[in-house]
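Please look over the structure shown below with attention to its charged side chains and the way its helices meet. The report that follows takes these topics in turn.

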Amino acid sequence: MANVSPQASATLGSFNTATAEDAERDVFACCASRSLAKAVAEGRPYPDADALLAAVDAAFKTLSWDDIVEAMNEHPRIGDRAVRGGMSAAEQSGAAAASDEVRQGLADGNLAYEQGFGYIFLICASGLSGQEMLEQLRARLEHDEEAERAVVREELRKITRLRMTKMLRL
């Protein structure tokens, strides 16, 4: 399922009536966890946006750390100039517009974060400036592993909710 883009499930109704495979693919495009995609797709039909987003929230509570890592592996680094098109590029527009100094700070911070935690720095970047992302990155470098894992799970949940909302035009 890697490197998929959302189907034309432009509404909650079409998501509810899609085949299980198509619904899982759509969810997977928003969060690359097979467990999450399966859980959300199996919960259909959803009567409204609130019910769908509640299902996303509930599924996140059941994900193992391996499921979270699986999803993170599909995310580009914050500030990575290689990000072209797709959801990540739009979400990271604040980093792309940042000064050279901030972009260098993000690159250096990403490296320190990956060396310290063993995985990429993940943040719901939508609406944040590059400077705000850098400040949060620096603050999170001070976390212990347990605290940071909780933050990562929450940031991934926020990204997934945002992407599902956009994909289904909720």
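## A network of salt bridges

In this predicted model, D57, E154, R157 and R161 are joined to one another in a network of salt bridges. One member of that network, R157, is located in helix α10, and R157 counts as buried because its relative accessible area of 19% falls under the 20% cut-off. When neighbours within four places in sequence are left aside, the contacts of R157 are with D57 and F60.

## Packing of α4 against α10

Which residues of α4 meet α10? On the side of α4 they are L52, L53, V56, D57 and F60, and these face R153, L156, R157, T160, R161, M164 and T165 of α10. Sorted by class, the residues in the contact of α4 with α10 comprise six nonpolar, two polar and four charged ones. D57, R157 and R161 appear both in this contact and in the network of salt bridges described above.

As for the geometry, helix α4 (residues 49-62) and helix α10 (residues 145-167) pack at an angle of about 155°, and their axes lie 10 Å apart. Because angles over 145 degrees count as roughly antiparallel, α4 is described as roughly antiparallel to α10. The crossing in which α4 passes α10 is right-handed.

## R140 and its surroundings

R140 belongs to helix α9 (residues 130-140), and with a relative accessibility of 4% this residue counts as buried. Residues up to four places away in sequence not being counted, R140 touches Y113, F117, F121, L122, I123, E148, V151, V152 and E155. With one of these residues, E148, the side chain of R140 meets in a salt bridge, at 2.5 Å from N to O. Are the two partners, R140 and E148, buried or exposed? Both R140 and E148 are buried.

E155, which is also among the residues touched by R140, forms a salt bridge with K158, in which the closest N and O atoms are 2.9 Å apart. E155 and K158 are three residues apart in helix α10, so about one helical turn separates them. The two partners are placed in unlike surroundings, since E155 is buried, with a relative accessible area of 8%, whereas K158 counts as partly exposed at 33% relative accessibility.

## A salt bridge within α3

The whole structure, when searched, yields 11 salt bridges, and one further pair to consider is that of E42 with K38, whose closest N and O atoms are 2.9 Å apart. Both E42 and K38 lie in helix α3 (residues 34-42), where a spacing of four residues amounts to about one turn of the helix. E42 is exposed, with a relative accessible area of 54%, while K38 is partly exposed, its relative accessible area being 42%. The salt bridge of R140 with E148, by contrast, joins two buried residues.

## Enclosure of α2

How many of the 11 residues of helix α2 (residues 20-30) are buried? Eight of them are, and helix α2 is therefore largely enclosed by the rest of the structure. The buried residues of α2 are A23, E24, R25, D26, V27, F28, A29 and C30, a list that includes the charged residues E24, R25 and D26 as well as nonpolar ones such as V27 and F28.

Notes
Residues numbered from 1 in each chain as written. Predicted model: local features only at pLDDT ≥ 70, side-chain atom pairs only at ≥ 80, totals over all residues. Heavy atoms only, no water. Axes fitted to C-alpha atoms, helices over the stretch in contact; angles between N-to-C directions. Helix = DSSP H or I, 4+ residues; strand = E, 2+ residues; numbered from the N terminus. Parallel < 35°, antiparallel > 145°, perpendicular 65-115°, else oblique. Left-handed = near helix turned anticlockwise from the far one by under 90°. Contact = heavy atoms within 4.5 Å. Buried < 20%, exposed > 50% of the residue type's maximum accessible area, 1.4 Å probe, protein only. Salt bridge = Lys/Arg side-chain N within 4 Å of Asp/Glu carboxyl O.
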